[in-house]
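Q: I have a model open and I'd like to learn how to read its features one by one. Can we go through it together?

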Amino acid sequence: MKLSSRIPFRLALKQTPEQRSSSIDTYQRTMLHSNLLRLVARGGPKRLMSTATKLTTVEVNDKTGIATLTMNRPPVNSQNVQLLEDLQKSITEIENNKSRGLILTSAMSNVFSAGLDIHEMYNTNEERLRIVWTELQNAWIALYGSSLPTAAAINGHAPAGGCLLATACEYRVMVPNCRIGLNETQLGIIAPKWLMSGFLNVLPKRVAERALTQGRMFTTQEAFEVGLVDEIANSKEEALEKCSAFIGSFAKVNSLARGLTKLQFRAENIKEFEKIREKDVANFIALASRPEIQKDMGIYLENLKKKGKK
Ligand SMILES: CCCC/C=C\CC(=O)SCCNC(=O)CCNC(=O)[C@H](O)C(C)(C)COP(=O)(O)OP(=O)(O)OC[C@H]1O[C@@H](n2cnc3c(N)ncnc32)[C@H](O)[C@@H]1OP(=O)(O)O
């Protein structure tokens, strides 16, 4: 079996519903084999890799073996289909290049990611909505279901889809004076359960329920106090260092045991997501197509633009 024959979760998810029914087991078996191969391969020299797709870049530190995945879609890293696809490609690339871990960050100076690009959901057709939501699901599962150690260096605001990506990681370090949260209800939108799972992994249920129903955006300090972020750093560089230190904490842990243990914690959420992912796309299309939601999105966009001009 070649390394490239590993089946990432999202590819397994593209199978028929029948094939999918036992995909957790299939995935874990496949991962067990590929991780064994990866462990054997780790004996060899480290490769410095720096590749770029259009809206994300990947750089591997040849000393630590840790890959930094940077989102680069000015002005606010809003997640259009291309950014979501590039994120998936970069995650696959990092998983295949023997990296020791993945740090997700942003090339913007004050925004980690503004979440889904609202232009992609506004005044559009059902087919586009289907693609947008499917790619958001695919990007999330690629990150959430990765067996690698993952951390987010949150060097700016992280609303909605930005918070989704950050909470898909195992560790979060955030710079001061920014905001993070799932603000969907403020847009009149109900966040599906899978979209909440990372949030629910890190927050007590009561805190998560209140924050989600309020559509609350936490300041960095508040996020730290409730446990939504693990550390505060004074700069992006310091955030990257703290994320590297987190990933480095696994240096002496067997990576196969680590990865499988992580996925055991996440398996239930992933299984639930697999069951409902197609229905979830249909729900999203139905919701986002509603005239009143379209109207609210239009107003929201207008307000964002007005705010930008002030
Ligand atoms: C049924 C639908 C389900 C959808 C489910 C949810 C997932 C989502 O992710 S929805 C997206 C929710 N995102 C937000 O609510 C964030 C909105 N943005 C902001 O709060 C701020 O822009 C932010 C704090 C991120 C950054 O602030 P600033 O640095 O001050 O930048 P500006 O606000 O001036 O924005 C610059 C420029 O970008 C445009 N913008 C911002 N966010 C989005 C977005 N999510 N989608 C599309 N465009 C966005 C903003 O309008 C400005 O545009 P211009 O005025 O044309 O320059």
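**Helix packing**

A: Sure, and keep in mind that this is a predicted model. Start with two helix axes: helix 5 (residues 126-144) and helix 6 (residues 161-168) come within 8 Å of each other, crossing at roughly 25°. That angle makes helix 5 roughly parallel to helix 6, since angles under 35 degrees count that way.

Q: Which residues of helix 5 and helix 6 meet?

A: On the helix 5 side you'll find Leu-136, Trp-140, Leu-143 and Tyr-144, and they meet Gly-161, Leu-164, Leu-165 and Ala-168 of helix 6. By class, this contact has 7 nonpolar residues, 1 polar and no charged. As for handedness, helix 5 passes helix 6 in a right-handed crossing.

Q: And how do helix 5 and helix 11 cross?

A: Their axes come within 9 Å and the crossing angle is roughly 160°. Angles over 145 degrees count as roughly antiparallel, so that is how helix 5 and helix 11 run relative to each other. The crossing of helix 5 with helix 11 is right-handed. Helix 5 contributes residues including Glu-126, Arg-130, Trp-133 and Tyr-144, while helix 11 contributes Arg-266, Phe-273, Arg-277 and Phe-284, among others. The residues of this contact split into 9 nonpolar, 3 polar and 4 charged.

Q: Now the sheet. What is the strand order, and how are the strands paired?

A: The general idea is that strands of a sheet pair through backbone hydrogen bonds, in a parallel or an antiparallel way. Here we have an open sheet of 3 strands in the order 6-8-9, and the pairing is mixed. Strand 6 (158-159) and strand 9 (218-219) are the edge strands with a single partner each, so one side of each has no neighbour in the sheet.

Q: In what sense do strand 6 and strand 8 pair?

A: Strand 6 pairs with strand 8 (residues 179-181) in the parallel sense, over 2 bridges. To find one of them on screen, look for Ala-158, whose bridge partner in strand 8 is Ile-180.

Q: Last one, the ligand. How many residues surround it, and which are the closest?

A: The shell around the ligand holds 27 residues, and the closest are Gly-115, Leu-116, Ala-160, Gly-161 and Gly-308. Sorted by class, the shell has 15 nonpolar, 8 polar and 4 charged residues.

Q: Which helix supplies the largest share of that shell?

A: That's helix 12, with 5 residues. Helix 11 (255-289) and helix 12 (291-309) each give at least two residues to the shell. Look back at Gly-161, too: this residue is among those closest to the ligand, and it also belongs to the contact of helix 6 with helix 5.

Definitions and conventions: Residues numbered from 1 in each chain as written. Predicted model: local features only at pLDDT ≥ 70, side-chain atom pairs only at ≥ 80, totals over all residues. Axes fitted to C-alpha atoms, helices over the stretch in contact; angles between N-to-C directions. Helix = DSSP H or I, 4+ residues; strand = E, 2+ residues; numbered from the N terminus. Parallel < 35°, antiparallel > 145°, perpendicular 65-115°, else oblique. Left-handed = near helix turned anticlockwise from the far one by under 90°. Contact = placed C-beta atoms within 7 Å. Nonpolar A, V, L, I, M, F, W, Y, C, P; charged D, E, K, R; others polar. Near = placed C-beta within 6 Å. Pairing = 2+ DSSP bridges.
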